[in-house]
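Below are some remarks on the model, set out as numbered points for a colleague who wants to check them against the coordinates. They begin with a single residue and then move on to strands, a helix, the cores and the enclosed spaces.

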Amino acid sequence: MKKRMNKVMAIVMCGSLMAGVLSGCGAVKEEASAPQEAETGESAEAAETPAEENAEQTAGGKSLFLCPKCVGYDYWTSCETGAQEAADALGYDLTFNGPAATDSAQQITMMEDAMTQGIAGLGISANDADAVIDTIATAKEKGIYTVAFDSDSPNSDRDYCVIPESDAAMGEQLAEMIAQEMGGEGKLAFMVASLSAENQVSKFEAAEAYINEKYPDIEIVATLCSDDENEHAYENAQTLLSTYPDLKGILGFAGAEAPQAAAAVGQAIDNGDLEAGQICVTGIGFPSQCREGLKSGVLKQILSWNPQETGKVTVYVLDALLNGKTIEEIEIDGIELRLDGSYVYHGCILLTPDNVDDYNYS
């Protein structure tokens with residue numbers, strides 16, 4: 001991500017780690033019982049008519065609103081590109097917009113505004129999985145289909161969630177990647193974008209559990225949160241290097257973390273403060289941000305996916321819902337979908353120095 005903001009660094013302590021150490025389908029909501037016939041003689045059918053008409057008017061349109069965690073970053077611009085391609089192909093009017101920073105309250109306001117203007121489908125990448133539950137329930141009551149993408153709200157009434165792979169599976173894969181690079185022992189630090197976004201929490205909790213079970217000789221010493229800011233992530237990596245001189249690994253769970261950690265480690269190597277290969281770095285990333293680290297050798301491998309696919313698949317899922325199709329009926333050139341309950345997976349990519357130049361998504 002290219003956007004940079006100067007902030008006072010906030011280091012979040014993870015409660016499950018050592019004290020004193022630095023830390024960071026669904027069913028449609030059940031409808032209310034039909035109102036009983038009033039004393040005035042008004043029938044239940046008549047009483048339901050305004051709500052039914054409102055639902056029909058809302059769901060009958062061709063407008064979609066997708067709300068990402070924030071805007072202004074390459075990742076979300078790529079996601080928008082894929083969503084717009086799908087909307088153009090399927091004949092929808094698409095609005096793709098989110099807050100300037102990762103702000104859950106602003107997401108809710110934007111979704112509420114979109115619903116008052118009349119939309120047929122809603123997509124949300126939640127900054128806070130629980131904060132959007134009521135808003136998604138309101139969308140359901142209005143007859144608006146809702147699909148989570150990139151980051152889920154699993155306890156809400158959303159219809160489906162579109163992600164590359166399950167967060168638990170990705171967390172375990174990331175844990176195995178860094179454990180292998182570290183030789184199964186040593187001190188490891190986590191770097192995350194958020195401690196409230198479902199996709200972050202699920203990944204690092206799965207990674208932590210996997211390492212504790214499979215690699216008892218690896219000690220997780222810190223979990224630092226960047227608030228999805230490149231500069232903050234870079235500062236967090238520098239803090240780790242200065243605080244833990246015997247640190248052996250850094251694992252990043254969002255697009256900014258591993259590339260910025262690699263940049264900090266690379267700088268320390270250039271300055272003579274670290275030896276090449278002294279600290280292993282891996283995590284989630286994208287070609288434009290990770291290419292330099294992969295080519296330099298600081299990064300050996302990166303878990304990735306194409307955000308354009310995430311946006312495109314989200315629109316196709318909304319289209320299927322609006323037209324009474326099943327997810328299995330969706331056909332998108334170049335993308336193989338896998339359905340697991342209410343989750344629609346479109347697949348991950350493992351980037352290496354040998355193949356990173358074959359990909360150009362952000």
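**Notes on the model**

1. Leaving aside neighbours within four places in sequence, Asn306 is in contact with His346, Ile349 and Tyr361. The model is a predicted one, and in it Asn306 sits in the loop between β10 (302-304) and α10 (307-322). Is Asn306 buried or exposed? Asn306 counts as buried because its relative accessibility is 15%, and the cut-off for that class is under 20%. The C-alpha atom of Asn306 is separated by 9.3 Å from that of Asn360, a residue 54 places away along the chain.

2. Two residues other than glycine deserve a look at their backbone angles, given the general background that most residues other than glycine have a negative phi. Asp150, which is not a glycine, has a positive phi of about 70°, and Asp150 is found in the loop between β4 (145-149) and β5 (160-163). With a relative accessible area of 8%, Asp150 is buried. Asp227 also has a positive phi, near 55°, and lies in the loop between β7 and α7. At 30% relative accessibility, however, Asp227 counts as partly exposed, since that class covers values between 20% and 50%.

3. Strand β7, residues 218-225, is mostly covered, with 7 of its 8 residues buried. Strand β6 (residues 186-192) pairs with β7 in the parallel sense, and 7 bridges are found between the two. Within this pairing, Gly186 stands opposite Ile218 in β7.

4. A second parallel pairing involves strand β8 (residues 247-252), which is joined to β9 by 4 bridges. One of the bridge partners here is Thr282 in β9, which is matched with Leu251. Which residues cover the two faces of β9? Cys280 and Thr282 are buried on one side, and Val281 and Gly283 are buried on the other, so that both faces are covered; as a general matter, the side chains of a regular strand alternate between the two faces of the sheet.

5. In helix α4, residues 133-141, the buried residues are Thr135, Ile136, Ala137, Ala139 and Lys140, a list in which the lysine may be worth inspecting by eye. The buried residues of α4 pack against α3 (104-117), β3 (121-124) and β4. Just after α4, Gly143 takes a positive phi of about 80°.

6. The largest nonpolar core has 86 residues, and those with the most contacts inside it are Leu188, Phe190, Leu240, Ile250 and Val317. Apart from this core lies another, of 15 residues, among them Cys67, Ala114, Ile119 and Ile136; Ile136 also appears among the buried residues of α4. For Ile250, residues up to four places away in sequence being left out, the partners touched include Ile178, Leu188, Ala189, Met191, Leu240, Leu241 and Ala261. Ile250 also touches Ile279, Cys280, Val281 and Thr282.

7. The largest cavity holds about 150 Å³ of space. Of the 15 residues that line this cavity, the closest to its centre are Tyr75, Asp150, Asn199, Ala254 and Gly255, so the list takes in the aspartate with positive phi discussed above. The elements that give two or more residues to this lining are α2 (74-90) and α6 (198-214), and α6 gives the most, with 3 residues. By residue class, the lining divides into 8 nonpolar, 3 polar and 4 charged.

8. The largest pocket holds about 540 Å³ of space. It is lined by 32 residues, of which Ala262, Ala263, Glu292, Gly293 and Ser296 are the closest to its centre. Which elements each supply at least two residues of this lining? They are α7 (230-243), α8 (257-270), β9 (280-283) and α9 (287-296), and α8 gives the most, with 9 residues. The residues of this lining divide into 13 nonpolar, 11 polar and 8 charged.

Methods
Residues numbered from 1 in each chain as written. Heavy atoms only, no water. 1 Å grid on protein atoms, 1.4 Å probe; cavity = no way out; pocket = protein on both sides within 12 Å on 5 of 7 lines; lining within 4 Å. Points joined across faces, edges and corners; volume = space filled by probe spheres on them. Nonpolar A, V, L, I, M, F, W, Y, C, P; charged D, E, K, R; others polar. Core = buried A, V, L, I, M, F, W, Y, C linked by side-chain atoms within 4.5 Å. Buried < 20%, exposed > 50% of the residue type's maximum accessible area, 1.4 Å probe, protein only. Contact = heavy atoms within 4.5 Å. Pairing = 2+ DSSP bridges.
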